[in-house]
Amino acid sequence: MRKFFQEIKADLKFRTAGPGQKLSEPSRVPKEKPKAEAAPKPRQGPTDEAQMAAAAALARMELKPKVKVASSQEAIKNQVRRELMAEAAASGKGLSAEEKDVTSPDQEGAAAPSVSGVYFICPLTGAVVRKDQKEKHLREAIQSYFSVDPVAASIMEIHTFNKDHEKVRMGVETMAKYLDNIYLHPEEEKYRKIKLQNKVFQERISCLDGIHRFFQAIGFETKTLPVPGQGKQSKEEYYVLKEEMLTKLEDLKDYKEQLLSSKPVRAQLDRQLCVFKPSPEAARFELPDDFYNLTAEEIKREQRLRTEAVEKASMLRTRAMREKEEQREMRKYNYTLIRVRFPDGYILQGTFYARESVSVLYNFVREALRDDWLPFELLGPGGLKLTDENLAFNECGLVPSALLTLAWDAAVMADIQASGEEQPASPLKPELLSRVQTLS
């Protein structure tokens with residue numbers, strides 16, 4: 001060991017030069033043979049200062065940690081770990097011990113998410129709420145609306161919180177027939193009573209969330225009445241229209257129309273529009289859990305498939321295999337984060353549904369422009385023009401995130417420049433530029 005150290009130290013002596021001296025080659029590099037007529041020049045030994053510098057350099061070399069260069073497979077596995085961690089969090093369930101071992105990347109240097117989550121705007125309150133709070137907020141908002149318009153609020157409940165749309169359609173149409181009979185035959189008492197245990201009522205109407213509050217709101221009340229032809233002892237519950245409603249038959253007609261024409265109350269996706277200064281980090285995305293659309297079982301399957309993908313990445317695949325994988329990838333995400341980089345470097349960012357058409361993105365960009373009439377094109381990765389605006393983001397491969405480039409129409413821009421009219425520094429609206437951010 002001592003001999004080995006002396007050899008390294010000797011080699012460093014020849015690499016370290018004193019003041020005014022040239023750096024000499026290491027002793028292990030073969031020297032060019034001197035000419036016969038010239039005597040070899042004696043080599044000058046290193047100074048004390050040089051020897052001290054060499055020793056210090058050697059000490060630093062021994063203490064410096066070795067840097068491990070990641071292989072391509074390691075890079076792939078690191079990406080798998082990051083995505084699986086996000087997917088596991090999105091599923092609301094933890095991973096097994098084995099999965100935790102696979103998905104336990106170092107937390108040091110973890111980048112902040114590109115967006116904090118997926119948010120929605122409530123159409124009733126205007127509040128912006130996170131995805132996981134959306135349905136709760138809608139229920140509370142509709143509940144509060146009962147104090148304003150109980151009929152409208154109950155209709156909102158029927159159309160919004162019953163997920164089986166076919167059942168809603170059948171129930172609403174049956175209810176409309178009940179109201180039509182009352183409106184057309186107000187003198188007929190039998191039409192003003194609806195037996196709750198009636199088979200049609202139970203199968204088509206009673207099962208709907210919000211329907212009983214609708215009955216109460218439009219003037220029905222529950223009564224226990226004798227069953228005709230079965231004696232006074234046999235009684236059942238009925239919805240019976242209050243007598244005063246016979247003077248408000250037009251109101252009943254309006255309620256029926258509202259019930260038939262109403263649509264579910266849907267919170268609007270908040271685009272979370274952001275404008276960033278020019279940045280070399282524009283193509284780097286860190287997505288939050290909300291962007292993933294996987295169950296716990298799907299996460300396990302994705303882990304297995306991605307692990308296998310490392311080994312079979314170099315294998316030839318048929319077109320059908322590739323298309324199947326692409327379809328699976330498209331279904332993984334409900335949302336996508338899109339950035340559009342302008343010619344001046346500024347970046348416009350927004351959140352979209354993965355199944356929205358590209359035309360929505362063109363409108364989004366146009367609404368952000370100071371002059372919305374300026375023609376432009378959007379170029380995808382690799383400079384591919386997004387010409388078919390009817391395609392969805394996931395059909396274009398723009399999920400779960402993408403950086404696009406905006407290109408102006410060259411002929412129009414040439415005309416503008418030829419006009420000599422002074423142009424603004426940025427094509428974006430001043431109110432957007434006033435809240436420009438720095439992309440971290």
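The following exchange concerns the nonpolar cores, aromatic pairs and one helix of this predicted model.

Visitor: Which conventions apply to the values?

Guide: In this predicted model, local features need pLDDT of at least 70 and side-chain atom pairs count only at pLDDT 80 or more, whereas totals for chains, interfaces and linings use all residues. Residues are numbered from 1 along each chain as its sequence is written, and side-chain values use heavy atoms, with hydrogens and water left out.

Visitor: Which helix gives the most residues to the largest nonpolar core?

Guide: A nonpolar core is a set of buried Ala, Val, Leu, Ile, Met, Phe, Trp, Tyr and Cys residues joined through side-chain atoms within 4.5 Å; buried means under 20% relative accessible area, exposed over 50%, partly exposed in between (1.4 Å probe, protein chains only). The largest core has 30 residues, with Ile338, Val340, Phe342, Leu361 and Val365 having the most contacts inside it. Elements that each supply at least two of its residues include strand E8 (335-341) and helix H13 (358-368); helices (H or I, at least four residues) and strands (E, at least two) are DSSP runs numbered from the N terminus. The most, six residues, come from H13.

Visitor: How far apart in sequence are the parts that Phe120 and Tyr335 tie together?

Guide: Rings of Phe, Tyr and Trp (its six-membered ring) pair if their centres lie within 6.5 Å, with planes under 30 degrees apart counted as stacked, over 60 as edge-to-face and the rest as tilted. Phe120 and Tyr335 are edge-to-face, at 6.3 Å centre to centre and 70° between the planes, and both residues are buried. Because Phe120 lies in strand E1 (residues 119-121) and Tyr335 in strand E8, the parts tied together are 215 residues apart.

Visitor: What is the geometry class of the pair Phe352 and Phe364?

Guide: Phe352 lies in strand E9 and Phe364 in helix H13, so the pair ties together parts twelve residues apart in sequence. Both residues are buried. Their ring centres are 5.2 Å apart and their planes at 85°, so the pair is edge-to-face.

Visitor: Within what arc do the buried residues of helix H5 fall?

Guide: The buried residues of H5 (residues 134-145) are His137, Leu138, Ala141 and Ile142. They pack against strand E2 (128-130) and helix H6 (150-161). The arc is that of the directions from the helix axis to the C-beta atoms. Seen down the axis, the buried residues line one face of H5, because they fall within an arc of 130°.

Terms used
Expected span 1.5 Å × (residues − 1). Contact = heavy atoms within 4.5 Å.
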